[in-house]
Amino acid sequence: MNNADVPNNLLPVTCLVCGESQNTMVGGFDANGLPAGTVNCMVCRHAFQRDAYIRALELRRQEFAGLTGPGAV
Ligand SMILES: [Zn+2]
């Protein structure tokens, strides 16, 4: 995996099987910046269903936004 190819808004999602947040993906990205091919867990090789991946990605984005949003000075 080459992190330089990953857009800043694409965060690794948590594996439903082993709980690790390390993904591998094949085939680059589509026009929406989403993985064009299969996304797998780097640790246990679980293959994410596309719907499940997008749901998990939304969750991660919300978590990340919460961490980096305007906070206490
Ligand atoms: Zn896994």
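This is a short walk through the structure, one selection at a time.

**Before you start**

The model is predicted: local features need pLDDT of at least 70, side-chain atom pairs count only at pLDDT 80 or more, and totals for chains, interfaces and linings use all residues. Residues are numbered from 1 along each chain as its sequence is written.

**The whole chain**

Begin with the protein chain in cartoon view. Its secondary structure comes to one helix and two strands, where helices (H or I, at least four residues) and strands (E, at least two) are DSSP runs, numbered from the N terminus. Starting at the N terminus, you will meet the elements in the order β-β-α.

Next, colour by pLDDT, the predictor's confidence in each residue, from 0 to 100. The average for the protein chain is 83, and 79% of the residues score at least 70. Among the elements, strand 2 has the highest mean pLDDT (96), and helix 1, residues 50–68, has the lowest (87).

Of the 73 residues in the protein chain, 15% are buried. A residue is buried if 20 or more other C-beta atoms lie within 10 Å of its own, exposed if 12 or fewer, and partly exposed in between, with C-beta atoms placed from the backbone. Two residues are in contact if their C-beta atoms, placed from the backbone, lie within 7 Å. Among contacts between residues at least 6 apart in sequence, 38% join residues at least 24 apart.

**Stop 1: Val39**

Select Val39, which belongs to strand 2 (residues 39–41). Val39 counts as buried because 23 C-beta neighbours lie inside 10 Å. Now add Asn23, Met25, Phe48 and Tyr53: Val39 touches these residues, not counting residues up to four places away in sequence. Try a distance label from Val39 to Met25: the two are 14 residues apart in sequence, and 4.4 Å apart in space, C-alpha to C-alpha.

**Stop 2: Thr38**

Move to Thr38, in the loop between strand 1 (23–25) and strand 2. Thr38 is partly exposed, because 14 other C-beta atoms lie within 10 Å. Show Val26 and Ala47 too, as Thr38 is in contact with both, leaving aside its neighbours within four places in sequence. Phe48 is 10 residues from Thr38 along the chain, and their C-alpha atoms are separated by 7.3 Å.

**Stop 3: Arg45**

Go on to Arg45, which sits in the loop between strand 2 and helix 1. With 11 other C-beta atoms within 10 Å, Arg45 is exposed. Look at the backbone here: Arg45 has a positive phi of about 70 degrees although it is not a glycine. Most residues other than glycine have a negative phi.

**Stop 4: Ala56**

Finish in helix 1, where you will find Ala56. Is Ala56 buried or exposed? Ala56 counts as buried, because it has 21 C-beta neighbours inside 10 Å. Select Val13 and Thr14 as well: Ala56 is in contact with both, leaving aside its neighbours within four places in sequence. Ala56 and Val13 are 43 residues apart along the chain, with their C-alpha atoms separated by 5.8 Å.
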